[in-house]
Amino acid sequence: MLRSNTTDSIPGGVPLSVDFNNPEDYLIFIFQLLFATTTVLVAGPVVVSILCTRTLYIQNRFIFMLNTSICDTLVGFSVYYLGLFDVQEGFPSRNGTYNLLPSLLGVNMMTFLFAQFDRYFAVCHPFAYARLITRRVVISVNVYCWLHVYTQSIVVQFLPLSKAVQLYVFSIVSLQVIVVTKVVMTIKLFVVARYQLDRDPPSAEKDNNKESLRIIIFAVISFLLLWGPSFVNIVLRLLIGRGLVFRNEATNLFANMARFNAVVTSVVYMWGSPALRRALVRTVWGRVCPICKKTR
C-alpha cells in the first residue's frame, strides 16, 4: 500500500512556502519564482537546439548533454512546486512528491558518470570506441539512468517504513561510491586532456575531443561543488543524527544549491560548445530575438 507523504492533513490544499510575515519571506518567494523561470529558459532551449540540429544529436556526447538538459528543464519546472509551496521531501515528508522530483538530480548524477566513461574511452581507445559504442548503446545507457533511479524511487513507496528507510540509506551509500568514482574519473580526464591530447597532431577530431573533455570536466566539478553540501548534510543526519534541518524545500539552502546545477550545467554547455551556441541562435533565440540572429 502506498504510504502517505504528508505528516499533517491540511484542508484547502498545500500552503505556500512562506507566510509573508517578514521581509525575507518575500525575497525567498521571489527568488524561487525567478530561479524556476530562469532554469526553464536556460535549459529548455538547449534541449530544443540539440533535438532540432542533426549535426548535434548524431554525436554521442550531445546525447548525454541532451539527457542532462531534459533533467535540468524538469528541475526548473519542479521548483514551481518545491520552491513556491510548503513541501518537505525525505523521511518524514510533508506535501511531498514521493521523492520523484528530487530524483531528477540522481538521473543527472548517473548521466554525468556514464558521460565521463564515454569521453575517456572515446579519447583513450578511439578504435574500440568507434566499433562498440554506437548511438543505440548511448541512448540505451541514458534510458537506463531514468529506469534505475525511478524504479528505485517507486519501489520505496510500497515498502514498510523501516525497509524504505534502509533502502534510502543504501541509496545514499551507493551515491558515495558514485561520487568517489566521479572524482577519480574527473582527475583521469584532466590528465588525458592535459597530456595525451597535447601530443596528438592538430585535427578536427582533436579539437572536438578537447572541447568535450573541457565541458564534462567543468560540468562535473560544478555539479559536485554545488551538490556536495546537501550530500554531506544528508549523510550527517543519517549517520550521527546531526545536520541542519530546514523548514521546507524553499528554505533549504543546500537543496537550492543542488538544484542550481540545472542553470550552471546549461551555461557550461553553451560556454564550451560553439556549435551549440550557433544552434541556439538559429533554432531558439534567433526566432525570439531577430537582432540576435543578425549579430551572431
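In which helix is valine 143 found? Valine 143 belongs to helix α6, which covers residues 135-157. I should say at the outset that the structure before us is a predicted model.

Let me stay with this residue for a moment. Valine 143 has a relative accessibility of 43%, and it therefore counts as partly exposed, since that class lies between the 20% limit for buried and the 50% limit for exposed. Its C-alpha atom is separated by 8.8 Å from that of asparagine 67, although the two positions lie 76 residues apart in chain numbering.

I turn now to the overall architecture. The protein chain contains twelve helices and zero strands. Read along the sequence, the pattern is accordingly α-α-α-α-α-α-α-α-α-α-α-α. Taken along the principal axes, the C-alpha atoms fill a box of roughly 65 × 45 × 30 Å. The radius of gyration is 21 Å, which agrees with the value near 19 Å for a compact globule, because the chain has 296 residues.

How are the contacts of the chain distributed in sequence? Among contacts with a separation of 6 or more, 76% join residues 24 or more positions apart.

As for burial and surface, 46% of the 296 residues count as buried. The accessible surface amounts to about 15,500 Å², and carbon and sulfur atoms contribute 69% of that area. Regarding charge, there are 27 positive and 14 negative charges, and their mean positions lie 11 Å apart.

Next, the interior. Which residues have the most contacts inside the largest nonpolar core? They are Ile50, Trp227, Tyr269 and Leu276, in a core of 47 residues. At least two residues of this core come from each of α1 (23-52), α3 (60-82), α4 (103-124), α7 (161-199), α8 (204-239), α10 (261-272) and α11 (274-288). The greatest share is that of α8, which gives twelve residues.

Apart from this core lies another, of nine residues, including Leu104, Cys145, Tyr150 and Ala262.

I would finally draw attention to tryptophan 227, already named for its contacts inside the largest core. Once neighbours within four places in sequence are set aside, tryptophan 227 is in contact with Leu105, Met109, Leu175, Val179, Ala258 and Asn261.

To summarise, this is a predicted model of a chain with twelve helices and zero strands. Its largest nonpolar core has 47 residues, and α8 gives the most to that core. Valine 143, with which I began, is partly exposed and sits in α6.

How values were computed: Residues are numbered from 1 along each chain as its sequence is written. This is a predicted model: local features need pLDDT of at least 70, side-chain atom pairs count only at pLDDT 80 or more; totals for chains, interfaces and linings use all residues. Side-chain values use heavy atoms; hydrogens and water are left out. Helices (H or I, at least four residues) and strands (E, at least two) are DSSP runs, numbered from the N terminus. The radius of gyration is taken over C-alpha atoms; the globule rule is 2.2 Å times the number of residues to the power 0.38. Buried means under 20% relative accessible area, exposed over 50%, partly exposed in between (1.4 Å probe, protein chains only). Contact means heavy atoms within 4.5 Å. Accessible areas come from the Shrake-Rupley method with a 1.4 Å probe; for residues, only the protein chains shown count as cover. Lys and Arg count as positive and Asp and Glu as negative; His and the chain ends are not counted. The place of a charge is taken as NZ of Lys, CZ of Arg, CG of Asp or CD of Glu. A nonpolar core is a set of buried Ala, Val, Leu, Ile, Met, Phe, Trp, Tyr and Cys residues joined through side-chain atoms within 4.5 Å.
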